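Dear colleague,

Here is the structure I promised to pass on to you, and below it you will find my notes. Please keep it open beside you as you read.

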Amino acid sequence: MRKQDLSYYRTNLEKGVHPGRSPENLTPSSFLSARKWCIINHISLWEGDCAMRILFIGDVVGRWGTAFLSQKLPALRRMWEPELTIVNGENAAEGNGILPATAAEIFSAGASVITLGNHALRRREIFDYLAQEEAIVRPANFHPEAPGRGWYTYDKPGLPPVTVVNLCGAVYMDCAWEEPFSALDRVLPQLPPGVVLVDFHAEATSEKLALAYHLDGQVSALWGTHTHVPTADERIMPKGTGYITDLGMTGPIEGVLGIKPEQSVEQFLGGLPGRYQVPDGPCKMQGAVFSLDSATGLCAGVERIEIR
């Protein structure tokens with residue numbers, strides 16, 4: 001596609017006009033059609049040449065979340081054609097944590113990299129798997145003797161190295177051996193030149209946004225996980241880092257953050273805690289797509305997604 005055509009189609013897409021349609025014939029369905037047409041034909045909504053598209057999927061919860069991911073992710077990847085797909089799988093096993101079998105299922109669904117969080121080491125069965133499988137990462141600010149690694153560099157012909165870093169928050173969390181700001185300042189000089197992406201698994205929205213400002217311009221994108229509730233604050237930071245406070249979750253719609261409502265209510269009423277029970281029923285998959293500029297490696301656009 002010629003450069004002059006790219007500007008024309010991008011302008012039309014911003015107006016919600018499919019090529020060949022006039023603005024007075026615009027309908028919501030034609031707007032969606034225009035978006036899909038531009039995605040399929042590799043035309044970006046955002047200014048600049050976006051050579052790399054990264055798909056991030058929020059926390060997968062339980063067997064139903066894992067099954068829904070396996071069902072829906074392949075089609076989503078065919079539509080967006082991302083160069084890299086990153087899935088947070090720290091709650092993919094029943095109860096919480098992750099097992100080798102559930103990690104294998106997430107990879108089979110199309111994940112390039114799996115990130116984790118505060119429940120990363122909840123299941124002892126995953127310890128050897130974390131040591132052997134490089135593309136699954138636990139928080140880099142865990143204790144140095146924790147099994148696994150805190151970052152992974154994805155190499156694909158024709159693309160710069162893409163390093164995915166996992167971090168755990170320190171506010172209202174008990175998993176961080178090292179506070180995340182200092183941890184990432186320590187880690188960044190060790191990474192190869194190229195794109196750096198950060199999954200910040202944290203509770204406090206202020207901690208997530210503060211870290212984004214701290215890293216602005218040093219990493220391509222930082223997104224939050226852990227709360228299971230998607231936020232409507234996707235943005236590009238002043239120096240070019242893509243950001244969203246939380247991606248949301250992949251799992252049952254009718255539940256409290258992926259837990260059976262009656263179990264959650266009982267705990268708030270003073271009941272005894274127990275292993276989390278995942279409800280049955282329809283599911284959702286939430287996340288975001290970040291587009292990175294080919295010249296700078298910084299973010300050119302962010303878009304939230306939700307599939308039901």
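**An open sheet and a pair of rings**

In this predicted model, six strands come together as an open sheet, whose order is β6-β7-β8-β9-β11-β10 and whose pairing is mixed. The edges of the sheet are taken by β6 (151–154) and β10 (235–236), and because each of them has a single partner strand, one side of each is left without a neighbour in the sheet. At one of these edges, β6 pairs with strand β7 (residues 162–168) in the antiparallel sense, over four bridges, and there Tyr154 has Val162 in β7 as its bridge partner.

Two helices also belong in this picture. Helix α6 (residues 180–187) lies across β6, β7 and β8 (195–201), and runs at about 155° to β7, while helix α7 (residues 205–215) lies across β7, β8, β9 (221–225), β10 and β11 (242–244), running at about 170° to β9.

Turning to the aromatic rings, the count comes to two aromatic pairs. In one of them, Phe56 and Phe290 meet edge-to-face, with 4.8 Å from centre to centre and 80° between the planes. This pair links distant parts of the chain, since Phe56 belongs to strand β1 (residues 50–57) and Phe290 to strand β13 (residues 283–293), 234 residues apart. Are these two rings buried or exposed? Phe56 counts as buried because its relative accessibility is 0%, and Phe290 counts as buried because its relative accessibility is 0%. Ring pairs also bring in Trp223, so that Phe56, Trp223 and Phe290 are linked into a cluster.

With kind regards

Technical notes. Residues numbered from 1 in each chain as written. Predicted model: local features only at pLDDT ≥ 70, side-chain atom pairs only at ≥ 80, totals over all residues. Heavy atoms only, no water. Phe/Tyr/Trp six-rings, centres within 6.5 Å; stacked < 30°, edge-to-face > 60°. Buried < 20%, exposed > 50% of the residue type's maximum accessible area, 1.4 Å probe, protein only. Pairing = 2+ DSSP bridges. Contact = heavy atoms within 4.5 Å. Axes fitted to C-alpha atoms, helices over the stretch in contact; angles between N-to-C directions.
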